[in-house]
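Here's a quick walk through this fold, starting with a small oddity in the backbone and ending with the pockets. Keep the structure open alongside as you read.

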Amino acid sequence: MEQYWDTKIISAMNERLDAEEPVGEGLKEEIRPETSEQPDLNQPLIVINGERVPFGERSILDDRLIVTVPKTFHEMTPEMASQKYPSEHRPKLILTNGENTVNLSFNHTADTIKADEFDVLMEQMAKILKQTQKIIEWIEQGVRELGDKKVGYFEFVTPVINANLYNLFFFTELEGNLLLVTFNCLNQEKEAWRPVAKSMLDSIRFVKEG
């Protein structure tokens, strides 16, 4: 079982976390969870970094999901995606802001997942993330619920060229397969975007399965 999950998770991690080649050794430091009030994305405008940002629902992954995101986000072009995510296992859908510095990406993988495997997968993902990624801050991990689905999530900061990157990575099951979603932004923007990212996670609705 251990070897099976290691192989499966490393494949999944490569798809999600090869984004922007990391540099430096990292400290893998445990820190206390941070708290911040999450905004209500049903409001037409959310103030982020002093800017009023319009939000609205968006249907993705062939109408399987609906998620509330900034209306200013656009789908990253293949050319930009290949630059920012040099691995051939880059996410299938990347939504980004005008500067390509705030990203929300989705990947519905071919890896199967069953309800009774969730806790094992959660444990192994955390273990392998800490072993294979140059993590300089491990912020928080936990489980949330979206409808009748469990969602595992991890928050951490990784080094990239000339900067540090805040990541909110989460996973769940969709049509029997592993769905991986990652939000990231520059670490200096974490305070403004972290609660918004969690609200976007909570806004996901599963509308078409089977």
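Asp62 sits in the loop between strand 2 and strand 3, and in this predicted model the Asp62 backbone does something a bit unusual: phi is positive, at about 55 degrees, although the residue is not a glycine. Leu61 does likewise, with a positive phi of about 50 degrees and no glycine there either. Leu61 belongs to the loop that links strand 2 (51-60) with strand 3 (65-70).

So which of the two is buried and which is exposed? Leu61 has 17% relative accessibility, so it counts as buried. Asp62 reaches 61% relative accessibility and therefore counts as exposed.

Now zoom out. The protein chain is built with four helices and 11 strands. It runs to 210 residues, and 51% of them count as buried. Take the contacts with a separation of 6 or more: 58% of them come from residues 24 or more positions apart. On the outside, the chain exposes about 10,600 Å², with carbon and sulfur atoms supplying 46% of that area.

What about the inside? The largest nonpolar core holds 36 residues, and Phe106 and Phe183 are the ones with the most contacts inside it. The biggest giver to this core is helix 4 (residues 190-203), which puts in five residues. Apart from that core lies another one of 15 residues, including Phe118, Met125, Phe154 and Phe171.

Then there are the pockets. The largest has a volume of about 210 Å³. Its lining takes in 13 residues, and Glu51, Val53, Asn97, Glu99 and Trp193 are the closest to the pocket centre.

The second largest pocket offers about 180 Å³ of space. Around it you'll find Ile113, Lys114, Ala115, Phe118, Asp148, Lys149, Lys150, Thr172 and Glu173. Strand 8 (149-160) and strand 9 (163-174) are the elements that each give two or more residues to this lining. Phe118 turns up twice in this tour: it is part of the 15-residue core and it also lines the second largest pocket.

Here is how the two linings split by residue class:

| Pocket | Nonpolar | Polar | Charged |
|---|---|---|---|
| Largest pocket | six residues | four residues | three residues |
| Second largest pocket | three residues | one residue | five residues |

Conventions:
Residues are numbered from 1 along each chain as its sequence is written. This is a predicted model: local features need pLDDT of at least 70, side-chain atom pairs count only at pLDDT 80 or more; totals for chains, interfaces and linings use all residues. Side-chain values use heavy atoms; hydrogens and water are left out. A nonpolar core is a set of buried Ala, Val, Leu, Ile, Met, Phe, Trp, Tyr and Cys residues joined through side-chain atoms within 4.5 Å. Buried means under 20% relative accessible area, exposed over 50%, partly exposed in between (1.4 Å probe, protein chains only). On a 1 Å grid over the protein atoms alone, a cavity is a set of points where a 1.4 Å probe fits but cannot get out, and a pocket is an open set with protein on both sides within 12 Å along at least five of seven lines; lining residues have an atom within 4 Å of a point. Grid points are joined across faces, edges and corners, and a volume is the space filled by probe spheres set on the points. Ala, Val, Leu, Ile, Met, Phe, Trp, Tyr, Cys and Pro count as nonpolar, Asp, Glu, Lys and Arg as charged, and the others, Gly among them, as polar. Contact means heavy atoms within 4.5 Å. Accessible areas come from the Shrake-Rupley method with a 1.4 Å probe; for residues, only the protein chains shown count as cover.
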